[in-house]
Amino acid sequence: MILACREFPFLSCPEVSRILTLPDLDRNLKTHLEQLGLAGATAIHRNLSVASLYEHAVRKGEGEIGADGQFLVETGEHTGRSPKDKFFVREPGSETHIDWGDTNKAIDAKTFDALFDRVAAYLSEREIYSLDTYVGADERYRLPVRIVTQYAWHSLFARNLFLTPDVAPSDFAPEFTVVDAAEFVADPQRDGTRSGTFVLVNMARKIVLIGGTRYAGEIKKSVFTIMNYLMPLRSVLPMHCSANVGKDGTSAIFFGLSGTGKTTLSADSNRPLVGDDEHGWSADGVFNFEGGCYAKVIRLSQKAEPEIWAASHRFGAVLENVVFDPATRALDLESEAKTENTRSAYPVEYIPNIVPGLMAGHPTTIVMLTADAFGVLPPISKLTPEQAMYHFLSGYTAKVAGTEKGVTEPTATFSTCFGAPFMVHHPTVYARLLGERIAEHTVTCWLVNTGWTGGAYGVGKRMSIAHTRAMVNAALDGSLNDATFEPEPFFGLSIPTALPNVPSDVLNPRNAWTDKAAYDAQARKLAGLFFENFKKFEAQASDGVRAIAIKP
């Protein structure tokens, strides 16, 4: 530890002498931990500073310090989320609201209670870290959450990702508690879990219980899941999207799954960022749920993405599973030797071009992003409100050949609401809220294909980012509204016939294919996949959405 202090003078070395001291706990925290069965832990560290958390994590061998002061960790077997191990406790208060199925699986209260007691007993023999934090930049919808972790670096991760006050109020009263026992491995025979990993949500006890995984993203996404449950009950639309604001003060939101360009296209030096991942849309506007960013950094370039690069190369940032030189601690962001899902977690203030307060007015533009590897969707098309709800329900993108074992041709992926693993209510609940907001605020909606053109993956080429930016900029500044549009026959879309800085043959995807018959066959194939996917929503969708649904 002394060596670390000399090498990194930004660490608060005088605190080393009191690392093992049990802090005085205020009455509220003591009562809460006693209720959880955690008050007997060997040490309870509340709301430690970033420097203190570094010291604890280094002392306990949880990670290493990078060349630029980052904290570098490996998450072991789990380098991503474990969605098959997430369960909701079936209880009367939430049972009728949850859309039960493969995504939201049920577990009974007795099973949860028994496992929670075992986890509490396990943590009571160890040091634990308690962090008082908030979710939701808008105080009217803000959720106080206490994060209790086995690892110091998990507490640092939560401090970066959520809204954490410099000095937590002494009367802090959490409405939800996340308990993360990373090294506690469940016994499925005894504990009723699917595997040794578990993410259990109990709406009655207002607890999320996590174990058997070191991947910190489970903490972030479990809290997002809670907001996805709570916000619609207050007429707020929770969204898996990025958001930014133009010079005229109008905001825009970008929906899109991983790899579609959501973060890239919303990062614009001329449009300050509200947030890059999770937001709410209330009667008063858009607000960020989080206080930080969790960026994918595989092949991150200082030239192409300077802000994210800089944020990931400084003290306080937490980097998961990034390869680095063991001697110099210099990062190798090109390497995917540990995983392609390398991540950086840092506070939002590490990004210079951020909207103060992380709140904005009602969006005037919605951009829905898809990376169509079939090569048949237009690069940009205007959506009616009903079409926007339809594509929101569909949440389409496509995997390309070689991305997964056994994938030899483009494969359609439909993730409803552009975030299916985190949606708790039936998808049409979120779609109706979106439709109401679009109608109330006369929002213009666009579908943007950042995928392939001139042929499917392997034949065609990826859309030019310069062309995509030109199209998105025209949509955001309103100039595209005045364009002339032509109908597209397979998906019912409206395509602009001309746009400055974009070749006209790019705008209509059929024109970009040499083999027109092949285009028609591929378009019919994708239309058929949309048709089959929509069957699961058809019964509960509105008449307007059913009327415009894609037919094969």
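Visitor: What makes Arg299 and Glu336 a salt bridge?

Guide: In this predicted model, their closest N and O atoms are 3.0 Å apart. A salt bridge needs a side-chain nitrogen of Lys or Arg within 4 Å of a carboxyl oxygen of Asp or Glu, so the name fits this pair. Arg299 sits in the loop between β16 (292–296) and α10 (306–311), and Glu336 in the loop between β19 (331–332) and β20 (343–347), so the bridge ties together parts that are 37 residues apart in sequence.

Visitor: Why is Arg299 called partly exposed?

Guide: Its relative accessibility is 40%. Buried means under 20% and exposed means over 50%, so a value in between gets the middle label. Glu336 lands in that class too, at 42%.

Visitor: How many salt bridges does the whole structure have?

Guide: A search through everything turns up 26. One of them joins the side chains of Arg118 and Asp191.

Visitor: How do you know which parts Arg118 and Asp191 tie together?

Guide: Look at where each one lives: Arg118 is in helix α5 (residues 109–123) and Asp191 is in helix α7 (residues 188–191), so the pair links parts 73 residues apart in sequence. As for the bridge itself, the N to O distance is 2.6 Å, and the cut-off is within 4 Å, so the pair qualifies.

Visitor: Is Asp191 buried or exposed?

Guide: Buried: its relative accessible area is 2%, and the label asks for under 20%. Arg118, at 28%, counts as partly exposed.

Visitor: Which other residue forms a salt bridge with Asp191?

Guide: That would be Arg190, with the closest N and O atoms 2.9 Å apart. Arg190 has a relative accessible area of 45%, so partly exposed is the right label.

Visitor: Which residues are linked in a network of salt bridges?

Guide: Lys220, Lys221, Lys262, Asp277, Glu278 and Glu290 are joined up that way.

Visitor: Let's turn to the strands. What makes β4 and β9 a pair?

Guide: Three bridges join β4 to strand β9 (residues 198–202), and pairing takes at least two, so they pass. The two strands run parallel. Within β9, Leu200 is the bridge partner of Phe87.

Visitor: How do you know that β4 pairs with β5?

Guide: Count the bridges again: there are three between β4 and strand β5 (residues 105–107), also running parallel. With at least two required, that makes a pair. Here Phe88 stands opposite Ala106.

Visitor: Which way do the residues of β4 point?

Guide: Lys86 and Phe88 point one way from strand β4 (residues 86–89), while Phe87 and Val89 point the other way. All of them are buried.

Visitor: How do you know that the radius of gyration agrees with a compact globule?

Guide: For 552 residues, a compact globule would come out near 24 Å, and the protein has 24 Å, so the two agree. Its C-alpha atoms fill a box of roughly 70 × 55 × 45 Å along the principal axes.

Visitor: How many helices and strands does the protein have?

Guide: There are 17 helices and 30 strands.

Visitor: What share of the residues count as buried?

Guide: Of the 552 residues, 59% do. The accessible surface comes to about 21,900 Å², and 51% of that surface belongs to carbon and sulfur atoms.

Notes. Residues numbered from 1 in each chain as written. Predicted model: local features only at pLDDT ≥ 70, side-chain atom pairs only at ≥ 80, totals over all residues. Heavy atoms only, no water. Helix = DSSP H or I, 4+ residues; strand = E, 2+ residues; numbered from the N terminus. Buried < 20%, exposed > 50% of the residue type's maximum accessible area, 1.4 Å probe, protein only. Rg over C-alpha atoms; globule rule 2.2 N^0.38 Å. Areas by Shrake-Rupley, 256 points an atom, 1.4 Å probe, with all protein chains shown as cover.
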